[in-house]
Amino acid sequence: MRGNSTPSVMDPHGGPYLNRNALCSALGAARLCQITMGCAVVAMVTHKAGFSGSQGAFCMAAWCCCFSMSTVVFFLDATRLYSCLRVSWDNLTVTCAACATLMYMTASVVYPLFFVRSECPYEGCDVRDFRIAVTVCSILGTLAYGAEVALCRARPGQIVVGYMATVPGLLKVVQAFVACIIFGALANGSQYSLYGATIYCVVVYASCFALTVLVVILTVCKRTKPVHCMPFDRFVVVCTLLEVLLYLSASVVWPVFCFDTKYGSPWRPSSCPRGKCPWDSKVVVAVFSCINFGLYLTDLIYSQRVKFVSSSSRV
């Protein structure tokens, strides 16, 4: 009969080809908002607002990267093609959303700080207005990415397979991001090679960053089987405890060998140029070392409350 000859609009498993939850849900709305704000920001910056210098390049790179990532995630989720990937989709998406939130938030602060002024620039008042609009859209994009993280975040006491949706998992992303800020300050004339103690601090930052990224990669790639007869959740806690101890030592050693009168100066030299002063870079490293120590300590405390189920154990 004619009705039987109609092509099927369902997939082999009996569901529609497109994932309705990816299109008609709060999570789908957040991702559509991310794409819309990202497209608007990139279009306005390239059209009129403009950018220059390393700060502008960072902002543009962050916006383009997040826009591309959101588009790919939305497309794969809507078409269910993510099932072809050998990764934990839930862990991957919440990790990307957390990373994008931090990148957008940083760009939302850096761009107006360096490019928005109350008076009109020599290019005209239209440029100022576009830059203000870029800032507003960037802030809205930050809220959209933050909304996705909030929607995907696991609740306390909940047994979850997606470790990256827990507080310790999200803290891993923040820790890695803060470490990148530290690396940027170290590379900006921090003079860390003057003393063996400051070189030790750099080794600590690099080692902790590598361990944190390793945990994230293992989780996203579903490699959460016992490590050397040690359950994965216990392996994560052991790594976190080691990172707490290492960062504690670096948070003490770095300020001593940078700001004590025997090795450096506790006050900013008056002859130091703005933006290229080693003392400023040392302060940034010291401050963010303490911040990351606090993040790792919080991670360790919250890790005691997480009941993690390996993805390989699901039926």
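Here are some short exercises with worked solutions on a predicted model.

**Exercise 1. The largest pocket**

Task: Find which helices line the largest pocket, and what classes of residue they bring.

Solution:
- Begin with the space itself: the largest pocket has a volume of about 1200 Å³.
- Next, look towards the middle. There are 34 lining residues, and those closest to the centre are Thr-106, Cys-180, Ile-181, Gly-184 and Ala-185.
- Now trace the helices. At least two lining residues come from each of α3 (53-79), α4 (89-115), α6 (167-187), α7 (196-220) and α9 (278-303). Helix α6 gives the most, with 9 residues.
- Finally, sort the lining by class: 24 residues are nonpolar, 8 are polar and 2 are charged.

**Exercise 2. The largest cavity**

Task: Work out which elements enclose the largest cavity.

Solution:
- Start with the count, which is 3 cavities of 30 Å³ or more. The largest cavity has a volume of about 60 Å³.
- List its lining: Arg-31, Gln-34, Met-69, Ser-70, Val-73, Thr-93, Cys-96, Ala-97, Tyr-145 and Glu-148.
- Assign the lining to elements, and α2, α3, α4 and α5 turn out to give two or more residues each.
- By class, this lining has 5 nonpolar, 3 polar and 2 charged residues.

**Exercise 3. Two helices and their lengths**

Task: Compare the spans of α4 and α5 with the expected values, then see which residues are buried.

Solution:
- Take α5 (residues 125-152) to begin with. Its 28 residues reach 41 Å from the first C-alpha to the last, close to the 40 Å expected at 1.5 Å a residue.
- Repeat this for α4. Its 27 residues should span 39 Å at 1.5 Å a residue, and the end C-alpha atoms lie 37 Å apart, which agrees.
- Turn to burial. In α4, 19 of the 27 residues are buried, so this helix is mostly covered. The buried residues of α5 include Val-127, Arg-131, Val-134, Tyr-145 and Glu-148.
- Ask what lies over the buried residues of α5: the cover includes α2 (26-49), α3, α4 and α6.
- Link back to the cavity: Tyr-145 and Glu-148 are buried residues of α5, and they also line the largest cavity.

**Exercise 4. Cysteines**

Task: Decide whether Cys-84 and Cys-201 are buried or exposed, and how many disulfides the structure has.

Solution:
- Search the whole structure for disulfides, and the result is 0.
- Check Cys-201 as an example. The nearest cysteine sulfur belongs to Cys-258 and is 7.5 Å away; a disulfide needs the sulfur atoms within 2.5 Å, so this pair does not qualify.
- Now compare accessibility with the cut-offs. Cys-201 has 0% relative accessibility, so it counts as buried. Cys-84 has 61%, so it counts as exposed.

**Exercise 5. Two residues and their contacts**

Task: Describe the surroundings of Asp-77 and Pro-278, leaving out residues up to four places away in sequence.

Solution:
- Place Asp-77 in helix α3. Its relative accessibility is 8%, so Asp-77 counts as buried.
- Read off its contacts: Asp-77 touches Asn-19, Ala-22, Arg-31, Tyr-82 and Trp-89. Of these, Arg-31 also appears in the lining of the largest cavity.
- Place Pro-278 in helix α9. The contacts of Pro-278 are Gly-189, Ser-190, Gln-191 and Cys-272.
- Lastly, relate Pro-278 to Cys-258: they are 20 residues apart in sequence, with 9.9 Å between their C-alpha atoms.

Key
Residues are numbered from 1 along each chain as its sequence is written. This is a predicted model: local features need pLDDT of at least 70, side-chain atom pairs count only at pLDDT 80 or more; totals for chains, interfaces and linings use all residues. Side-chain values use heavy atoms; hydrogens and water are left out. On a 1 Å grid over the protein atoms alone, a cavity is a set of points where a 1.4 Å probe fits but cannot get out, and a pocket is an open set with protein on both sides within 12 Å along at least five of seven lines; lining residues have an atom within 4 Å of a point. Grid points are joined across faces, edges and corners, and a volume is the space filled by probe spheres set on the points. Helices (H or I, at least four residues) and strands (E, at least two) are DSSP runs, numbered from the N terminus. Ala, Val, Leu, Ile, Met, Phe, Trp, Tyr, Cys and Pro count as nonpolar, Asp, Glu, Lys and Arg as charged, and the others, Gly among them, as polar. Buried means under 20% relative accessible area, exposed over 50%, partly exposed in between (1.4 Å probe, protein chains only). Contact means heavy atoms within 4.5 Å. The expected span of a helix is 1.5 Å times one less than its number of residues.
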